[in-house]
Amino acid sequence: MAPSATGETAPMHLPVTSKASTINASVLHGPQDLRLERRTIEEPSIGELQIAVKTTGICGSDVSYYKKFANGDLCACMPLSLGHESSGTVVAVGPQVLGFSIGDRVALEVGVPCGQCGICRKGRYNLCKRMRFRSSAKSVPHFQGTLQERINHPAIWCHKLPENISFDAAALLEPLSVAIHAVNRATPAPGSTALVIGAGTVGLLTAAMARQSGCAAVTIADVDQGRVDYAISRGFATHGYVVPRPLHTSSSSSSIYNSSNSGTSTPFDVGIMTPASTLSFQSHLDSAKLLAADMLSLTHAGPTSLLADDEDNGVDVTFECTGKEICMHTSLYATRPGGKVIMVGMGTPIQTLPMSVAHLREIDILGIFRYANTYATGIRLLCAQRRGGPGSILPSLDDMITHRFKGLHAAKGAFELASRTVDDNGNLVLKVVIET
């Protein structure tokens, strides 16, 4: 769990704001119904800091709420401010807080667990049933996100930043934490091989962390040529694979993604299994097996041997970062006997999988949910990156930001762009941030 400031009585800090003040907030009221509103904010309570939010990155879950007022099974039932990848500056210090001063630069860990249950005491606080996570509809009333000018946040979940880490990079500590947690769960041995399916922000950072952990070969796969090219050119992965569109050639088949000329990508959903769809489902499995073989051929694990059921074939660990059923099929076929499949992406909640592939080959399927105890590691990695120290191969997080919007009034345009893979000029859209 994040370190808590305890010990001698904290000195009283006088907040720079009045007892209550008004701020601007970007608030979602329904699908694509985003409004700029005035809210009242109190001075920070016991154990809290008041943070002036500087940078917020837009996550895929934010885009889902923006488009559908829901994210997977979680449906918003009241107005909700989005945003959870954020950094900012301390502008007021609440009572009984030690170790922080006005002006400190911080990254925000926006999940606040109870800290008292058995799960929390074991250090796996990301699994706390009473977790409140900013911009998520899981808790009611919803825990409002960071697309506000200022927020009050528990000091123990604010991480101080050195001056050489930018607000942009600090905001991306949140998706980097997901990648760190995924690789921690995978525990790859030095010299291992890895496959990452999905080259969004989390997929790219997962590939980078796999390399950082000592994986000798890391292949990243995506349907978007631009993202794969970016991953290879910036050193996130050693090999890249562009998934063909459409994935299947028969008329009854569908691609992983349906794409329009606007650059918008919509994940494909296989749907509910019925007897009439059994043949089609088998074609999905056959295509996934062919796709896995093609990916493995990049690192000299040839497709012929895979299709001949060579049990020595496959990567040591596959990170599935899309949450899509057909990508899970591919992950299972691409992983060697005794290897691991790490479920990173959250997508289709109910999936039909060829479980015998995992069962008979003892492939471990591990889930991850957000992260725990990762921010300090992420900050150390960014510091080493800035120094250019030995052993640091983490690419620049600042360079991952392809588009930025200034001010909360521009949030709607930011969300529209974040749902696309290219902008109107044909440039790659990777990470969109809003500066407040």
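**Note on the predicted model**

1. Start in a strand pair. I51 stands opposite V90 in β6. The model is a predicted one. The pairing behind this match joins strand β3, residues 48-57, to β6. The two run in the antiparallel sense, over 8 bridges.

2. Stay with β6. This strand spans residues 85-93. How many of its residues are buried? The count is 9 of 9, so β6 is mostly covered, with buried taken as under 20% relative accessible area. In a regular strand, side chains alternate between the two faces of the sheet.

3. β6 has another pairing to check. Strand β7, residues 105-108, pairs with β6 in the antiparallel sense. This pairing has 3 bridges. One match to look up is G88, whose bridge partner in β7 is V106.

4. Next, the overall picture. The chain holds 12 helices and 21 strands. It has 436 residues, and buried residues make up 55% of them. Take the contacts between residues at least 6 apart in sequence: 68% of these join residues at least 24 apart.

5. Now a helix pair. Helix α1 covers residues 60-68, and helix α12 covers residues 411-418. They pack at an angle of about 110 degrees, and their axes are 10 Å apart. How does that angle class the pair? Angles of 65 to 115 degrees count as roughly perpendicular, and α1 and α12 are therefore roughly perpendicular to each other.

6. Which residues make this contact? From α1 come D62, V63 and Y66. From α12 come K412, F415, E416 and A418. By type, the contact of α1 with α12 has 4 nonpolar residues and 3 charged ones. No polar residue takes part.

7. α12 deserves a closer look. Its residues A411, A414, F415 and L417 are buried. Why do they fall on the same side of α12? These residues cover an arc of only 165 degrees around the axis, which puts them on one and the same side of the helix. F415 also belongs to the contact with α1.

8. What covers those buried residues of α12? The cover includes α1. It also includes the strands β1 (20-30), β2 (33-42), β20 (401-406) and β21 (431-435).

9. One buried residue elsewhere is worth finding. I326 is placed in helix α9, residues 325-334. Is I326 buried or exposed? Its relative accessible area is 2%, so I326 is buried. I326 and L285 lie 41 residues apart in sequence. In space they are 7.8 Å apart, C-alpha to C-alpha.

10. Check the backbone at P141. The peptide bond from V140 to P141 is cis. Its omega is near -5 degrees. Where is P141 found? Look in the loop between β9 (132-133) and β10 (150-154).

11. Q32 also needs a look. Its phi is positive, about 60 degrees, although Q32 is not a glycine. Q32 is found in the loop between β1 and β2. Its relative accessibility is 39%, so Q32 counts as partly exposed.

12. Last, R370. Here too phi is positive, about 55 degrees, and R370 is not a glycine. R370 lies in the loop between β19 (364-367) and α11 (375-387).

How values were computed: Residues numbered from 1 in each chain as written. Predicted model: local features only at pLDDT ≥ 70, side-chain atom pairs only at ≥ 80, totals over all residues. Heavy atoms only, no water. Axes fitted to C-alpha atoms, helices over the stretch in contact; angles between N-to-C directions. Helix = DSSP H or I, 4+ residues; strand = E, 2+ residues; numbered from the N terminus. Parallel < 35°, antiparallel > 145°, perpendicular 65-115°, else oblique. Contact = heavy atoms within 4.5 Å. Nonpolar A, V, L, I, M, F, W, Y, C, P; charged D, E, K, R; others polar. Buried < 20%, exposed > 50% of the residue type's maximum accessible area, 1.4 Å probe, protein only. Arc of directions from axis to C-beta. Pairing = 2+ DSSP bridges.
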